[in-house]
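Got the viewer open? Let's take a short walk, one selection at a time.

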Amino acid sequence: MIKLKNVSKIYNKGKSNAFQALYDISLEIESGTLSAIIGTSGAGKSTLLHILACIDSYESGEYYIDDVLVKNTGEKQLARIRNEKIGMVMQDYALIDDFTAIQNVMLPLDFARNTPRHKKEQAMQALKEVSMECFANKSVSQLSGGQKQRIAIARAIVNQPSLILADEPTGALDSKTSAEIMELFHKLNAQGRTIIIVTHDPNVASQCRRMIRIEDGRIVEN
Ligand SMILES: Nc1ncnc2c1ncn2[C@@H]1O[C@H](COP(=O)(O)OP(=O)(O)O)[C@@H](O)[C@H]1O
Ligand SMILES: [Mg+2]
């Protein structure tokens, strides 16, 4: 379970360009649920998702994953939690175009102690989950948007995370491809994973059990 208690985020704290992006966010998300975070551009959705993903720190409040306090400093703890529990699907895929699909999916395994062969097997398994095993050795630059998103999802699940976070995963896709990607998230959710999707798309949001709306850094609907 995820629990945020009065979490605030200030970019450039103490500087003249300081900006408070999140105010006193309190939120609980149960394990195994599928939730959407919605809100206008600049509302703070990505900021919140990055804190949940342990990619970014926060200034005050408390963030717990499975009752473990994620400290607001300490890169080591954040990296460990990221590796063990979290799969992140970044906005605009964030794949390495010159790499093949499988090379991209293997990236999160760089620090694991497994043998290269085992890492390949893990990556192939993740590619299978997203029906992309035939494209394993294709360069990402040759793939369509929907295929890239599948690779990005494979990379997010290669470590078997219990929590998957996705930032506008259908933002750049046509409606048919969006529906296919949402099907994939539903499948991953049915396997018991907790999924949180940031989206602008009412169609995507309506498919999620829970909708969390942010405006100007505050939760206004939950
Ligand atoms: N690294 C940063 N430094 C300063 N301000 C930032 C930074 N990242 C985001 N912001 C600001 O924080 C606010 C929320 O941004 P963001 O979380 O990206 O919004 P959303 O994802 O809802 O569009 C915006 O006003 C944005 O300009
Ligand atoms: Mg954003």
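Before we start, a word on terms: a helix here is a DSSP run of H or I with at least four residues, a strand is a run of E with at least two, and both are numbered from the N terminus. Keep in mind, too, that this is a predicted model.

**Stop one: ligand 1.** Select ligand 1 and show what surrounds it: Tyr-11, Asn-12, Phe-19, Ala-21, Thr-40, Ser-41, Gly-42, Ala-43, Gly-44, Lys-45, Ser-46 and Thr-47. Color that shell by class and you'll get four nonpolar, seven polar and one charged residues.

**Stop two: the elements behind the shell.** Now highlight β2 (19–29) and α1 (45–52), each of which supplies at least two residues of the shell. Which element gives the most to it? That's α1, with three residues.

**Stop three: polar atoms around the ligand.** Click on Ser-46: an N or O atom in its side chain sits 2.8 Å from an oxygen atom of ligand 1. Next, pick Gly-44, where a backbone N or O atom is 3.0 Å from a ligand oxygen. Then try Tyr-11, which has a polar side-chain atom 3.5 Å from a nitrogen atom of ligand 1. Taken alone, ligand 1 would expose 560 Å², and the protein buries 61% of that.

**Stop four: a helix pair.** Leave the ligand and select α5 (residues 145–157) together with α6 (residues 175–190). Their axes are 10 Å apart, and the two helices pack at an angle of about 15 degrees. Angles under 35 degrees count as roughly parallel, so α5 is roughly parallel to α6. Look at how they pass each other: the crossing of α5 and α6 is right-handed.

Methods: Residues are numbered from 1 along each chain as its sequence is written. Chains are lettered from A and ligands numbered from 1 in the order in which they are written. This is a predicted model: local features need pLDDT of at least 70, side-chain atom pairs count only at pLDDT 80 or more; totals for chains, interfaces and linings use all residues. Side-chain values use heavy atoms; hydrogens and water are left out. A residue is near a molecule or strand if one of its heavy atoms lies within 4 Å of it. A polar contact is a pair of N or O atoms within 3.5 Å; within protein, one must be able to donate a hydrogen and the other to accept it, and residues adjacent in sequence count only if both atoms are side-chain atoms. Accessible areas come from the Shrake-Rupley method with a 1.4 Å probe; for residues, only the protein chains shown count as cover. Ala, Val, Leu, Ile, Met, Phe, Trp, Tyr, Cys and Pro count as nonpolar, Asp, Glu, Lys and Arg as charged, and the others, Gly among them, as polar. Axes are lines fitted to C-alpha atoms, for helices over the stretch in contact, and angles run from 0 to 180 degrees between N-to-C directions. Angles under 35 degrees count as roughly parallel, over 145 as roughly antiparallel, 65 to 115 as roughly perpendicular and the rest as oblique. A crossing is left-handed if the near helix is turned anticlockwise from the far one by less than a right angle, and right-handed if clockwise.
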